[in-house]
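Me: I would like to learn how to read disulfides and sheets in a model. Could you take me through them step by step?

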Amino acid sequence: WRCEGTLPITKEENKFYVRCKDQPWKAGNESERNTNTQSYAITYKRSKENLKIDYIKPDNKTIVAGVEPVSVPVEVKTSGGIDGKATCSYSIGNKYVDFFETLGTIHKQTFQSFLAGEYTLPIRCEDLAGNFAEETAEFKIEIDTTAPRVTRVYNEGGQLIVITDENAECGFVTNDKRACGFSLGDANVTMMGGAELKHSGSLEEGYTHYVKCKDSFGNAPGSCNIIVKGGFY
């Protein structure tokens, strides 16, 4: 049997005590009805503030990868509402799907099959009190298929310094008959120090240095990036 009523929620925490009688169809004969001897306690809590999404990662960013499809981890943080905890879902198309990891304040989902392009990802979160928060993440995916370029080379106290236009690793061979046909994994390659934009190695006077660089995605030129002869190029 269903009982209905309106309870006044006036404080942050409101506690009510409920007792019931069975067999309501015997309302005219109360002596035949059974009544609760103990109250059933019900507590209602009112949210102090609205539920909100503190951040979404990634958002307004460009993600660079080497190959497609691209794996993109998405993370959402919620606060406010009852206690900051919520269930968050994302929409691809017209259907919302719950995050793989949710029900707390941090919500995570890793997408495995994004291709290059621009993406808009609507996100909706809801707590147990029905508080809603909605945001949209926007990000772009680019595929890097270009080898790093050398933008500057110079002699610094007997060290060969090579500057690249992106994070890379560089190495060289000297006076090799194969010239620029080597790979950075070959045994006779001297790897240069530095794995970001600046790379250094010993500059041997009178030798020709055949320099090649590759980025973190394995992109490397088919030939040398630069050839340095006796401290000059």
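Reply: Gladly! Let us begin with burial: buried means under 20% relative accessible area, exposed means over 50%, and partly exposed is in between (1.4 Å probe, protein chains only). By that rule, cysteine 180 and cysteine 224 are both buried. Do note that this is a predicted model, where local features need pLDDT of at least 70, side-chain atom pairs count only at pLDDT 80 or more, and totals for chains, interfaces and linings use all residues. Residues are numbered from 1 along each chain as its sequence is written, and side-chain values use heavy atoms, with hydrogens and water left out.

Me: How many disulfides does the structure hold?

Reply: A disulfide is a pair of cysteine sulfur atoms within 2.5 Å. The structure holds three. In one of them, the sulfur atoms of cysteine 180 and cysteine 224 are 2.0 Å apart. The torsion about their S-S bond is about -110 degrees, so this disulfide is left-handed.

Me: What about the link of cysteine 88 and cysteine 125: is it right-handed or left-handed?

Reply: That link is right-handed, with 110 degrees about the S-S bond. It connects distant parts of the chain, as cysteine 88 is in strand 6 and cysteine 125 in strand 9 (residues 117-126), 37 residues apart. Strands here are DSSP runs (E, at least two residues), numbered from the N terminus. Both cysteine 88 and cysteine 125 are buried.

Me: Which cysteine is joined to cysteine 170?

Reply: Cysteine 213 is the partner, with an S to S distance of 2.0 Å. The torsion about the S-S bond of cysteine 170 and cysteine 213 is about 110 degrees, so the disulfide is right-handed. Numbering the bonded cysteines in sequence order, the pairing in the protein is 1-2, 3-5, 4-6.

Me: Why is there no bond between cysteine 20 and cysteine 3?

Reply: The sulfur of cysteine 20 is 5.2 Å from that of cysteine 3, its closest cysteine sulfur, which is too far for a bond. Cysteine 3 is exposed, with a relative accessible area of 64%, while cysteine 20 is partly exposed at 38%.

Me: Now the sheet: in what order do the five strands lie?

Reply: In general, strands of a sheet pair through backbone hydrogen bonds, either parallel or antiparallel. Two strands count as paired if DSSP finds at least two bridges between them. Here the order is 4-10-9-6-7, in an open sheet with mixed pairing. Strand 4 (61-65) and strand 7 (96-98) are the edge strands, each pairing on one side only. Strand 6 (residues 87-91) and strand 7 run antiparallel, joined by three bridges, and serine 91 stands opposite tyrosine 96 in strand 7.

Key: Helix = DSSP H or I, 4+ residues; strand = E, 2+ residues; numbered from the N terminus.
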